[in-house]
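Please open the model in your viewer and keep the sequence panel at hand. The tour proceeds by selection, beginning with a sheet and ending with domains.

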Amino acid sequence: MRDTLRVNPIACTGHGVCAELLPELISLDEWGFPLVDPGPVPPALDLEARRAVAACPALALKLTRTDAPRPVRPR
Amino acid sequence: MVNDVADQTAALNQPTGLPRLLPLVPGVPEDLRTHLARYGRPPLGDPGRLINAVEQAGLTGRGGAAFPVYRKLAIVARARGRKVIVANGAESEPASGKDGLLLRAAPNLVLDGLQLAAEAIGAGEAYLYLHPGVSPEILRALSQRAAAGLDRVSVTITEAPPRFLAGQESALVNRLGGGPAVPTFTPPRVTEAGLRGAPTLVQNVETLAHVALIARYGPRWFRALGTADEPGTMLTTVHTEHGAQIIEAEIGVPLRTLISQDTDVQAVLIGGFHGAWLPAAALGTLALSNSALNSHQAALGAGVIAALPADRCGLAEAARVVRYLAAESAGQCGPCLNGLPRMAAALAELAGRGHRKQTRADLERWAGLVTGRGACNHPDGTVRFVRSTLTVFAAEIGLHARGHCSATDRTPFLPLPDRMPLTEDDWT
Amino acid sequence: MTGTTAFWYASRATGVVALLLLTAVLVLGILVNRQGRLPGLPRFAVTSLHRNISLLAVAFITVHVLTAVLDTYVSIPLVSGVIPFASGYERLWLGLGAISFDLMLAMIITSLVRGHLNRILWRAIHLLAYLCWPVAFAHSIGSSRDLQHGWLLDLAIGCALVVAAAVLWRLASAARQLPRAARVAAILAQHGPHASRQASDRQAQERISR
């Protein structure tokens, strides 16, 4: 039961701190917004992931349980 | 045992065939008296039975997502405390007119369904969410019902701004709570925590009308029409060169039965502006059902079917649609805010005479960048439309690249509003 | 130099350093919010410096209060560090110091647990920074003879000018910022069919700031 990284796209303003702290799992698109690896966070990167979550100035990055299914978005 | 008896009683009065939702005689105004004469009073008083009946009937949402209705009902019914129900009549899809017609022609069916579902989930607050310009038929229905003591939960009408996203579930709840009609981040889903934190059930008005009939006539009656996997009937808005028509159709009928034979069609848009194009050849083979359409990367959506005449330019139509979709972005999420306008410009370039080679590659890249990266599925739906445009009109793109166009009629075909939202007021 | 005088000097010195640190924290906070960069440093350096210097400021203020309490020349109760107007000595000015320290503690404690807080609530409390600094500044000038003349006064005025400039820049930036409803229209105008090709390419990296 590992955690997955998720971005709240409404809160995210593209600071880019997360991509600097966790380049293995997060990169930035051409507009500066994060592209996050959707898989579970490897145990070796768990600490870095938590640091990145804490460092986000907009509180937009979250670590959520993997066993919770990704919600299906109704229109 | 009790259910069987109720079913048998209902069987005595069961209507057969079509129409189920729309009036028997089109154009004849329905009031409470004629409604009760046709259907009888709504069978309130047995909340547990309704959810079972809806489950056995296999009713799916008619607002576009086709989510199993009983599941949403059950989730909210199970929750504790204050609960809210909303009848979503904000028909935000410009090409759809079925909800508007249903609310004018058969408002009591919708309002019956609202009361029945409210009782089933234990909701103490009920809302009817509509675009501005509430029809007199709805107001009349509500006052007649109040006089007759039919509504156990009083219904509040709330106006939605004329925005494409206004009918989205979380945007709707945001608006009901006094905010703008823009989506919010989920989780939590509105069924867990919606209006002022209360579990909220949002159902399309057509869905509620079906609920009102299932409650009276039972699941077996509902399944008498439609397919085993997709039972029942649905309202469709069919656009042809002769105009737009609302047709209540049995699910599973061939698409050809909805579009008259004499129209010369080059492609059909199914599912509205978040839907997909089908090539004209598919018309002959495909049925009005998700299982048939899914094989062509399409879905029923809210029942919009637009048959593009052969003399129009599909690329010009698509470019207009994507520009509209871009303008209707809530502008909250970076990828959507940045990607959709650029995609609109790229498609406009493809629809022009000659385009840069880079444009096509840019469009593909942006489509990939916005998918799944918004708080709602506005970017995803837009990408679905764009990708199907690129597939179905590939030949036309090639033609335009060489400076030509196959169209002889420049009149716009798909209905689109003119005015762009510019201020916060436009969203409230 | 007696022990009590050493405490008094320590209190005044740590007070001056705290004022400098708080000035730096506020400017860095504005820089974080506006997504500004410090030349040669990665983005996370700005947020890290903001955080770490704020913690350092709290450490200095703690020493500043303790040494003032420990000094026996005047009687200042320990609680007056956090309870405003609890000191007989310089009741008003020390009271302001306690108020600013309370605000600081509120900001820092909520920031330490911000993962569990509602985002909007955290931000609302963090905006108290714009109240905290002027109150701390008033405390500094009002309670200390040192800062009322000479080079320390120049230093204090320098800090005030820096904060004023940063706040004005922040307000101007906010005024320039497009409201949500207008952002899409702006990008459509940038990239619409009427926009020049070259302009679109140049602006490919630009995005409407939020």
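In this predicted model, begin with chain B and select its open sheet of four strands, which run in the order β3-β2-β1-β4 with parallel pairing. Colour β3 (155-159) and β4 (200-204) of chain B next: these strands stand at the edges, and each has a single partner strand, so one side of each is left without a neighbour in the sheet. Viewed along the sheet, neighbouring strands are turned by 25° against each other on average, direction ignored.

Now select strand β2 of chain B, residues 125-130, together with β3(B); five bridges join the two in the parallel sense. To inspect one bridge, display Tyr129(B), whose partner in β3(B) is Thr158(B).

Proceed to the nonpolar interior. The largest nonpolar core has 135 residues, and those touching the most other members are Val110(B), Ala117(B), Val322(B), Met343(B) and Leu347(B). Select helix α9 of chain B, residues 205-222, as well: this helix supplies the largest share of the core, eleven residues.

Which residues does Ala117(B) touch, not counting those up to four places away in sequence? Centre the view on Ala117(B) and show Leu73(B), Ile85(B), Leu201(B), Gln203(B), Leu208(B) and Val211(B), the residues in question. Another core, of 31 residues, lies apart from the largest one; among its members are Ala18(C), Val25(C), Val46(C) and Leu147(C).

Finally, turn to chain C and colour domain 1 (3-176) and domain 2 (179-210) separately. Taken over C-alpha atoms, the centres of these two domains of chain C are separated by 40 Å.

Key: Residues numbered from 1 in each chain as written. Chains lettered and ligands numbered in written order. Predicted model: local features only at pLDDT ≥ 70, side-chain atom pairs only at ≥ 80, totals over all residues. Pairing = 2+ DSSP bridges. Axes fitted to C-alpha atoms, helices over the stretch in contact; angles between N-to-C directions. Domains from an automatic or database assignment. Core = buried A, V, L, I, M, F, W, Y, C linked by C-beta atoms within 7 Å. Buried ≥ 20, exposed ≤ 12 C-beta atoms within 10 Å, placed from the backbone. Contact = placed C-beta atoms within 7 Å.
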